[in-house]
Structure formats: C-alpha cells, structure tokens
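Colleague: Please take a close look at a single part of this model, namely the surroundings of whatever closed internal space there is, and set out which residues form them. I would like the cut-off behind each term as you go.

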Amino acid sequence: MPVKCAICDGSAILKRPKTGDALCKNCFYYAFEEEVHKTIIDARLFTHGETVAIGASGGKDSTVLAYVMKELNDRYNYGLDLVLLSVDEGITGYRDDSLETVKRNQMQYDLPLKIVSYEELYGWTMDAIVQQIGLKNNCTFCGVFRRQALDRGAMMLKVNKIVTGHNADDIAETVVMNVLRGDIGRLRRCTAITTGAEGSLPRCKPFKYTYEKEIVMYAYFKKLDYFSTECIYSPNAYRGFARAYIKDVEKIRPSAIIDIIHSGESLSVKTTVKMPVQGNCERCGYISSNAICKACVLLEGLNRGLPRLGIGKTHKERRKIEELSKEGNVNPPQSGAAERQPTSIQTPVLAMESLSLDRRKPDVSKLDF
C-alpha cells in the first residue's frame with residue numbers, strides 16, 4: 001500500500017532525513033524552501049536593497065543555494081541584488097571543470113558572475129603550491145587563501161554581504177574539529193550564522209540548519225546542474241575524519257547533527273581565558289588576530305622557498321626566518337623548486353584601503369556575462 005504524504009495526503013516518494021516525514025516531491029520542495037526562509041527571517045540576514053554575493057563553486061551546496069536564494073528573493077520580495085562569485089584555485093582537472101558548471105548556472109539563473117583566481121591575487125595556483133608543500137598540508141593553504149579571495153572578490157563587486165553554502169553537516173564537523181584541536185577562539189564563533197559582522201563584509205549561512213542529504217535530494221529531484229567530483233587534493237584533509245565520525249553517529253541518531261550545532265551554540269568560555277583580539281594585518285590590511293595574517297605568512301613561505309613556514313604554531317621554518325631577520329638577512333636565497341618568482345607579497349594581496357567600500361550596486365563592468 002502506498003505511503004501517504006504527511007502534508008497533503010498524496011503519495012509520498014521520499015523520507016526526509018532530518019525529520020523522518022514521508023513527503024511527496026512538491027511538499028518536500030515547500031518544506032525545504034520554507035525552512036531556509038525561516039532561517040533567513042529569524043536571523044534577519046538581509047536588508048531590502050542589499051547586494052549579496054553567492055559563493056559559487058559549482059558543487060551541490062552552492063548550486064542549490066543560488067537556486068533557492070533566487071526563488072525566495074522573488075517569492076518573498078527580499079529586494080536583493082544577487083551576484084555569483086567564484087574562486088579559481090588553479091586545480092587542473094577539478095576546478096576548471098566545476099567553473100564550467102558555474103558558468104552554466106549563471107545562464108540558467110540569469111545572474112551576473114565574477115571569477116577571481118589564486119594566480120591573479122597571490123601569484124600561485126594550488127597545483128604549484130602542492131608541488132612545493134605536498135599533499136599533507138595543502139588544505140591549510142587553500143582554506144586560508146580561499147577565505148581571503150572570496151572577501152576580496154566581493155569587495156571588488158562592492159557587495160554588502162556574502163552567502164555561502166555551508167550546511168548543518170559542515171558546521172557540526174567544524175564544531176568537532178575545533179573541540180579536538182582545542183581551538184577555543186574558533187569554537188566560540190564557528191556556529192554563528194553570520195560571521196565577520198564586526199569587519200567590512202559579513203558572511204551568512206542560510207543553510208545552517210539544512211542537512212546535506214536533503215540538499216542532495218533537492219538537487220536530484222529538481223534536476224539542478226551541479227558538479228559532484230571531490231577535490232583531488234582533499235582525501236587526506238583533517239575534516240574528512242570529522243566527517244566520517246559525524247556520518248557514523250548520524251546512522252545511530254539522525255538528530256546528532258543538529259544536536260552538535262546546538263551544543264556548540266550553548267558553549268561558553270571562562271572569563272579568565274584569553275581570547276584573540278581582532279585587528280588588521282600590517283602588510284595587506286586584511287582582518288587578522290595577529291600582526292601578520294595567515295595568508296601573508298603562508299605566501300611569504302612560498303615566495304622564500306620555505307613552504308612550511310606557516311604550518312603549525314612554532315614550526316622550525318618560522319624560527320629560522322626570525323633568526324635570519326635578526327641577523328639582517330631578510331631575503332635568504334631560494335632553493336630548488338622555489339626559484340620561480342611569483343608576485344611579491346604586497347602586490348597580489350590587495351590592500352583593503354585600495355578597495356572602495358561603496359557597495360550600493362555591483363560594478364557591472366567587471367562582471368563576466
């Protein structure tokens with residue numbers, strides 16, 4: 001006997017991973033979209049008339065985010081100007097293919113698109129970085145550079161906010177990772193639905209309470225065009241171990257993902273614990289809790305032929321640089337693979353002062369149509 005939809009009494013064709021409800025396709029679409037809308041309204045993520053950049057990678061999360069944001073913007077008259085913003089990390093056979101998906105999404109959703117690249121901003125591609133650092137710590141470079149690249153691309157477009165496709169699974173994984181690392185500073189803010197509000201460009205996560213499985217189901221039933229291949233450099237990423245743990249726990253307790261997020265939201269830090277103080281990088285002007293931001297440290301290591309300079313907290317390569325600086329030898333000869341001359345650290349990392357903060361409308365002349 002056919003199972004009936006829990007909402008409309010029609011024939012159900014799926015069971016929601018999040019709630020266990022049996023639903024028909026249309027009711028699932030409605031429930032999915034309305035939950036995202038409720039998240040947006042409850043958190044007051046947007047103001048009418050804002051320009052919002054959607055971080056678009058071509059993957060399932062960002063593709064569904066772009067589709068749903070456009071739908072809700074039209075349905076509920078958010079009054080937002082939406083722009084797609086992509087980062088080209090320079091990964092042959094992965095990012096070049098996924099960007100083709102983004103370009104198709106641009107035409108399908110009729111949204112402007114801007115693409116910024118690591119090579120353009122930093123003088124390095126991820127392929128070149130992996131040749132230097134190897135596969136073990138490459139995700140450190142990519143994560144740091146990508147966060148900055150998104151912000152810098154958004155500031156070029158003069159947008160008010162960035163939205164990313166981080167879902168409930170991603171946030172639960174981040175909570176677990178920060179607990180295992182003992183990273184109190186990140187643990188305190190990793191469950192925030194909006195980050196960077198104290199800076200110049202807030203980032204929002206409309207999918208904060210949305211399960212990854214439901215995003216996949218939505219994309220599948222809607223027949224959305226997305227790129228599903230995993231990054232070729234990510235198999236050894238630390239996040240992968242946290243993801244495997246979350247998936248195992250979810251099999252036993254489906255509510256575990258939301259439970260972990262709520263636990264992260266409820267955590268408090270003792271007043272005696274010293275927290276990082278946010279300032280600006282002395283070199284590039286980007287937001288940083290240190291005098292020199294992580295991106296500048298990593299980039300300096302690459303340019304000097306010491307790619308492990310920014311890995312870890314007290315790495316021997318960093319101590320070597322400090323010793324050389326004290327001795328006055330601030331530009332030691334580069335070794336072997338580092339003989340290439342990428343752009344200097346000051347040039348690719350655009351100074352914040354040089355970027356206009358007038359975000360009333362995106363600069364259409366810089367968009368790719």
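Modeller: A residue is called buried under 20% relative accessible area, exposed over 50% and partly exposed in between (1.4 Å probe, protein chains only). The model is a predicted one, in which local features need pLDDT of at least 70 and side-chain atom pairs count only at pLDDT 80 or more, while totals for chains, interfaces and linings use all residues. Residues are numbered from 1 along each chain as its sequence is written, and side-chain values use heavy atoms, with hydrogens and water left out.

As a setting for the part you ask about, the chain has 369 residues, of which 51% are buried, and its fold comprises 13 helices and 10 strands (DSSP runs of H or I over at least four residues, and of E over at least two, numbered from the N terminus). Of the contacts (heavy atoms within 4.5 Å) between residues at least 6 apart in sequence, 72% join residues at least 24 apart.

A cavity is a set of points on a 1 Å grid, over the protein atoms alone, where a 1.4 Å probe fits but cannot get out, and its volume is the space filled by probe spheres set on those points, which are joined across faces, edges and corners. By this rule there is 1 cavity of 30 Å³ or more, and the volume of the largest cavity is about 40 Å³. Its lining, meaning residues with an atom within 4 Å of a point, consists of Ala56, Gly58, Ser62, Thr63, Ala66, Leu84, Val102, Asn105 and Tyr109. Helix 2 (60-75) and helix 3 (95-109) each contribute at least two residues to this lining. In chemical character the lining divides into 5 nonpolar residues, 4 polar ones and no charged ones, where Ala, Val, Leu, Ile, Met, Phe, Trp, Tyr, Cys and Pro count as nonpolar, Asp, Glu, Lys and Arg as charged, and the others, Gly among them, as polar.

An annotation also reaches this lining: under "binding site", an unreviewed UniProt entry lists Gly55, Ala56, Ser57, Asp61, Val87, Gly165 and Asp170, and of these residues the lining of the largest cavity includes Ala56. Such annotations may be inferred rather than shown by experiment. Ala56 sits in the loop between strand 3 (51-55) and helix 2, and it counts as buried because its relative accessibility is 9%. Leaving aside residues up to four places away in sequence, Ala56 touches Ser62, Leu84, Leu85, Ser86 and Val102, and among the lining residues are Ser62, Leu84 and Val102.

Asp61, another residue on the "binding site" list, lies in helix 2 and is buried, since its relative accessible area is 15%. With residues up to four places away in sequence again left out, Asp61 touches Gly165, Asn167, Asp170, Phe207 and Ile215, and Gly165 and Asp170 are also named in the UniProt list.

On helix 3, Asp97 is partly exposed, because its relative accessible area is 39%. Asp97 and Gly58 are 39 residues apart in sequence, yet their C-alpha atoms are 8.9 Å apart in space, and Gly58 is one of the residues that line the largest cavity.

Key. 1 Å grid on protein atoms, 1.4 Å probe; cavity = no way out; pocket = protein on both sides within 12 Å on 5 of 7 lines; lining within 4 Å.
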